[in-house]
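Reader: I would like a close look at a single part of this model, namely its pockets and the framework around them. Please take me through it slowly and in connected prose.

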Amino acid sequence: MLLKEKVAIITGAASGFGKETSKLFADEGAKVIGVDYNEEGQEVIDEINDNGGEAVFVQGDVSKAEDVKKFVDEAINTYGRIDILFNNAGIYIPGKVDEIDIDNWKRVLDVNLDGVFLGCKYAVTHMKENSDGGVIINTGSAAGLMGFPDAVSYAASKGAVVSLTKALAVDHADDNIRVNCICPGTGETEMTREVLEDEQLREMFLQPIPLNEFGQPDDIANAALFLASDLSSYITGVALPVDGGWTMS
C-alpha cells in the first residue's frame with residue numbers, strides 16, 4: 001500500500017476527481033477526511049467504510065476560514081496528524097470579462113483560489129510538526145496554463161493556483177513539505193456533463209486533444225496518488241498536466 005497509515009484531507013470529495021481520489025487513497029491505506037459543500041459526500045465516505053477503509057466526512061465550504069479550520073481540526077482530533085492535503089474543490093462559471101457578473105467572478109476566486117490558500121494555511125502548521133513533513137496537492141487546470149475561451153474567472157483562478165503552488169513549494173521545502181499541482185484538461189465529470197452532452201461542444205473540446213479522448217476521474221486520482229506517495233519524493237513545485245496532450249499541442 002502506497003499510503004499506509006497516512007492521514008489525507010480531500011476537498012470536493014462528493015463527486016468527480018475528489019470522489020475517485022478519496023476511494024483510491026483509502027484503498028492504498030490512507031485514513032481519509034472527505035470534505036464537501038454537499039452532504040452527498042457522506043455517501044462516498046460510507047462506501048469507503050463499508051469496503052473496509054477508514055474515513056470521516058466533514059461538510060463545509062472551502063472559501064470560509066471557519067469551515068476550513070473545522071475540517072483541519074477534525075483531522076487532528078480524530079487522527080492526530082495531517083500527512084496529505086488535496087485541495088481539489090472547485091467551481092466553474094462561464095463568461096467573458098464584459099459578461100460575467102462581479103459576484104460570480106468573486107465566488108469563483110473565493111472557492112478556487114482562497115479555498116486552496118486557506119487549506120494550505122491551516123494544514124501547513126500541523127505538517128511542520130511531522131518529522132517527515134507532508135504533501136500538498138492542488139487542483140489547477142489546463143485553463144491555468146494556456147488561453148481558455150469564455151472562462152475568464154476560472155482561468156484566472158487556476159492560473160493563480162499554479163503560481164501559489166510554486167511559491168509554497170519554495171517556502172516550505174525546508175519543512176519537508178512537497179507542494180505540487182495537477183492541471184486536468186477536459187474531463188467527463190458532473191461539472192462538465194451538461195456541456196459535453198451537446199454534440200457540437202463535445203467535438204469542439206475533443207478536437208485539440210492529441211489522445212482523442214476526455215479524461216476520467218481515475219486519471220486524476222492516479223496522478224494524485226503518485227504525487228502523494230513516496231514515488232514522487234523528489235518532485236515539488238510542479239504543475240502536472242493530465243490532459244491527453246492538450247496543453248502540448
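**The pockets and their surroundings**

Author: In this predicted model, the largest pocket has a volume of about 1,100 Å³. Its lining is made up of 47 residues, and those that lie nearest the centre of the pocket are Gly90, Ile91, Tyr92, Thr189 and Met191. The elements that contribute two or more residues to this lining are helix 1 (16-27), strand 2 (31-36), helix 4 (102-127), helix 5 (152-171), helix 6 (193-196) and helix 7 (199-206). Sorted by class, the lining of the largest pocket holds 23 nonpolar, 17 polar and seven charged residues.

The second largest pocket encloses about 330 Å³ of space, and it is lined by 21 residues, of which Asp132, Gly134, Val135, Arg178 and Asp230 lie nearest its centre. Strand 5 (134-139) and strand 6 (177-184) each give at least two residues to the lining of the second largest pocket, which by class consists of nine nonpolar, six polar and six charged residues.

Several of these lining elements can be placed with the help of the sheet, which is open, has seven strands in the order 3-2-1-4-5-6-7, and shows parallel pairing. Strand 3 (54-59) and strand 7 (239-242) stand at its edges, and because each has a single partner strand, one side of each is left without a neighbour in the sheet. On average, neighbouring strands of this sheet are turned by 20° against each other, with direction ignored. Strand 2, one of the elements lining the largest pocket, runs parallel to strand 1 (residues 7-11) and is joined to it by five bridges; within this pairing, Val7 has Lys31 of strand 2 as its bridge partner.

Helix 1, which also contributes to the lining of the largest pocket, lies across strand 1, strand 2, strand 4 (84-87) and strand 6, and runs at about 165° to strand 1. Helix 8 (217-228), for its part, lies across strand 4, strand 5, strand 6 and strand 7, running at about 165° to strand 6.

Two loop residues deserve a separate word on their backbone. Most residues other than glycine have a negative phi. Asp150, however, has a positive phi of about 60° although it is not a glycine, and it is found in the loop between strand 5 and helix 5, where, at 32% relative accessibility, Asp150 counts as partly exposed. Asn212 likewise has a positive phi, near 60°, and sits in the loop between helix 7 and helix 8; its relative accessibility is 52%, so Asn212 counts as exposed.

Notes. Residues are numbered from 1 along each chain as its sequence is written. This is a predicted model: local features need pLDDT of at least 70, side-chain atom pairs count only at pLDDT 80 or more; totals for chains, interfaces and linings use all residues. Side-chain values use heavy atoms; hydrogens and water are left out. On a 1 Å grid over the protein atoms alone, a cavity is a set of points where a 1.4 Å probe fits but cannot get out, and a pocket is an open set with protein on both sides within 12 Å along at least five of seven lines; lining residues have an atom within 4 Å of a point. Grid points are joined across faces, edges and corners, and a volume is the space filled by probe spheres set on the points. Helices (H or I, at least four residues) and strands (E, at least two) are DSSP runs, numbered from the N terminus. Ala, Val, Leu, Ile, Met, Phe, Trp, Tyr, Cys and Pro count as nonpolar, Asp, Glu, Lys and Arg as charged, and the others, Gly among them, as polar. Buried means under 20% relative accessible area, exposed over 50%, partly exposed in between (1.4 Å probe, protein chains only). Two strands pair if DSSP finds at least two bridges between them. Axes are lines fitted to C-alpha atoms, for helices over the stretch in contact, and angles run from 0 to 180 degrees between N-to-C directions. Contact means heavy atoms within 4.5 Å.
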